[in-house]
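I opened a new notebook page for this chain. My plan is to start with one residue and work outwards.

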Amino acid sequence: MSTATAPRQSAQAPVDNPLTAGQLPSWVTIAVGVAALAVSALVFTLLDTGGIALIVVGAVVLFLVVMHIISLAVEGSRRAVDRLAKHVVVTMFLLALLPLISVTWTALSHGINRLDPEFFTYSMRNVVGAGGGAAHAVWGTLIITGIATLISVPIGLLTAVYLAEYGRGALARSITFFVDVMTGIPSIVAGLFAYALFTLVFGPGTINGIAGAVALSVLMIPVVVRSTEELLRIVPNELREASYALGVPKWKTIMRIVIPTAVSGIVAGVILALARIMGETAPLMIAAGFTQSMNTNPFSGQMMTLPVFVFDSYARPGIPREPFWDRAWTGSLTLILIVMLLNLAGRFIAKRFAPKTGRK
């Protein structure tokens, strides 16, 4: 009888578990956040030092302190620390997101005025004030970055395959070292290199689209190499060993097993490299030059690109300045839209050609 009644008594006894002692309702976080923002705005307004950034920082600090005190009193120390860590992580994420939102909103609000068909169909030839467009710069950007991609992707991909699958010894270490050095070189050095190279080969004053593409390739190749190499290294060795066990040569294993397994990440790395070079201005100013006319021949004559167009319109405006600045902001917005479309296309390609993991 004693053994039968003991479990019943222990089941009825209250259990003091600090992990389930108390829990704040979800609306408390929202209420404290709104109250912290209101108090911060009121305090800094009364002190006559109000500013959006200062008010936001004050609200964040006040929110973290108050929420930690409330959670400590209601939920206990373990949940309070866990909640504090969660709020700090979310706060840092939102702070990192603010510059992106600010840049996008600023470019959209200032550039929407000239986002019209004329901007994409006309160049700046014989245009002094209002009107005109950036068709020559859009075509120049697409042509130069396209050629740079055609140069960089095969070189970067094959270099990464060598480092991940074949590279051993001093040669592989030397290549890795120089790739790391190239990753950190200033972009203007790439422009000077391309200009000096084409001057030595074709003569002084050789400025064209191909020279700009070579300058961008110097910046794009190390990004492609590093991202592709890391992705190839994380492909499971079991896949390679299974292929070798079936008698498949190493080169065919790389072509049919390793690269298709990592293709989604490789495409993402290439898109990242494209976004890295598409906004470069200094190397294109030196190697590709300036022009107000349409030029779709990368082998002859100077070629305008969107970053150079934006810089030239904003830094050296005519009179009145407003039309030049409007074109500069619209050029910036166009550049953002092109990078966004490239990212969407890269995601589609990666999803389309990624290896299928499920069974039907």
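**Entry 1: leucine 274.** Is leucine 274 buried or exposed? I looked up its relative accessibility in this predicted model. The value is 8%, and buried means under 20%, so leucine 274 counts as buried. I found leucine 274 in helix 12. Next I listed what leucine 274 touches, leaving out residues up to four places away in sequence. The list reads Thr145, Thr149, Met220 and Leu342. I then checked one of these, threonine 149, along the chain. Leucine 274 and threonine 149 are 125 residues apart along the chain, yet their C-alpha atoms are separated by 7.5 Å.

**Entry 2: the largest nonpolar core.** Which residues touch the most other members of this core? I noted Ile144, Met220, Ile277, Leu306 and Phe309, out of 42 residues. Then I asked which helices supply at least two residues each. They are helix 6 (135-166), helix 8 (187-202), helix 9 (209-233), helix 12 (263-278), helix 13 (282-287), helix 14 (306-315) and helix 15 (322-353). Helix 9 gives the largest share, eleven residues. I picked isoleucine 277 for a contact list. Not counting residues up to four places away in sequence, isoleucine 277 touches Ala148, Leu216, Leu219 and Met220. I also found another core, lying apart from the largest one. That core has ten residues, including Ile254, Ile259, Ala262 and Ile266.

**Entry 3: aromatic pairs.** How many aromatic pairs does the whole structure hold? My search gave five. I looked at phenylalanine 119 and phenylalanine 309. Their rings are 6.3 Å apart, centre to centre, with 70° between the planes. This pair is edge-to-face. Phenylalanine 119 sits in helix 5 (residues 117-121) and phenylalanine 309 in helix 14, so the pair ties together parts 190 residues apart in sequence. I checked burial for each ring. Phenylalanine 119 has 0% relative accessibility and counts as buried. Phenylalanine 309, at 2%, counts as buried. I also wrote down one aromatic cluster, formed by Phe119, Phe120 and Phe309.

I then turned to phenylalanine 177 and phenylalanine 178. Their ring centres are 5.4 Å apart and their planes are at 70°, so this pair is edge-to-face. Phenylalanine 178 has 51% relative accessibility, and exposed means over 50%, so this residue counts as exposed.

**Entry 4: charges over rings.** What lies over the face of tyrosine 166? I found lysine 250, at 4.6 Å from the ring centre. For phenylalanine 324 I found arginine 327 over the face, at 4.6 Å from the ring centre.

**Entry 5: the whole chain.** I stepped back to the domains. The chain is divided into domain 1 (9-110) and domain 2 (118-353). The C-alpha centres of domain 1 and domain 2 lie 42 Å apart.

I also read the UniProt record, an unreviewed entry. It lists "domain: ABC transmembrane type-1" at residues 138-346. I found residues 138-346 to be 78% helix and 0% strand, with end C-alpha atoms 20 Å apart.

The UniProt entry also places the feature "transmembrane region" at several spans, among them 27-46 and 88-108. I checked these two in the model. Residues 27-46 are 100% helix and 0% strand, and their end C-alpha atoms are 29 Å apart. Residues 88-108 are 100% helix and 0% strand, with end C-alpha atoms 30 Å apart.

How values were computed: Residues numbered from 1 in each chain as written. Predicted model: local features only at pLDDT ≥ 70, side-chain atom pairs only at ≥ 80, totals over all residues. Heavy atoms only, no water. UniProt positions renumbered as here; feature names shortened; annotations may be inferred. Helix = DSSP H or I, 4+ residues; strand = E, 2+ residues; numbered from the N terminus. Domains from an automatic or database assignment. Core = buried A, V, L, I, M, F, W, Y, C linked by side-chain atoms within 4.5 Å. Buried < 20%, exposed > 50% of the residue type's maximum accessible area, 1.4 Å probe, protein only. Contact = heavy atoms within 4.5 Å. Phe/Tyr/Trp six-rings, centres within 6.5 Å; stacked < 30°, edge-to-face > 60°. Lys NZ or Arg CZ within 6 Å of the ring centre and 35° of its normal.
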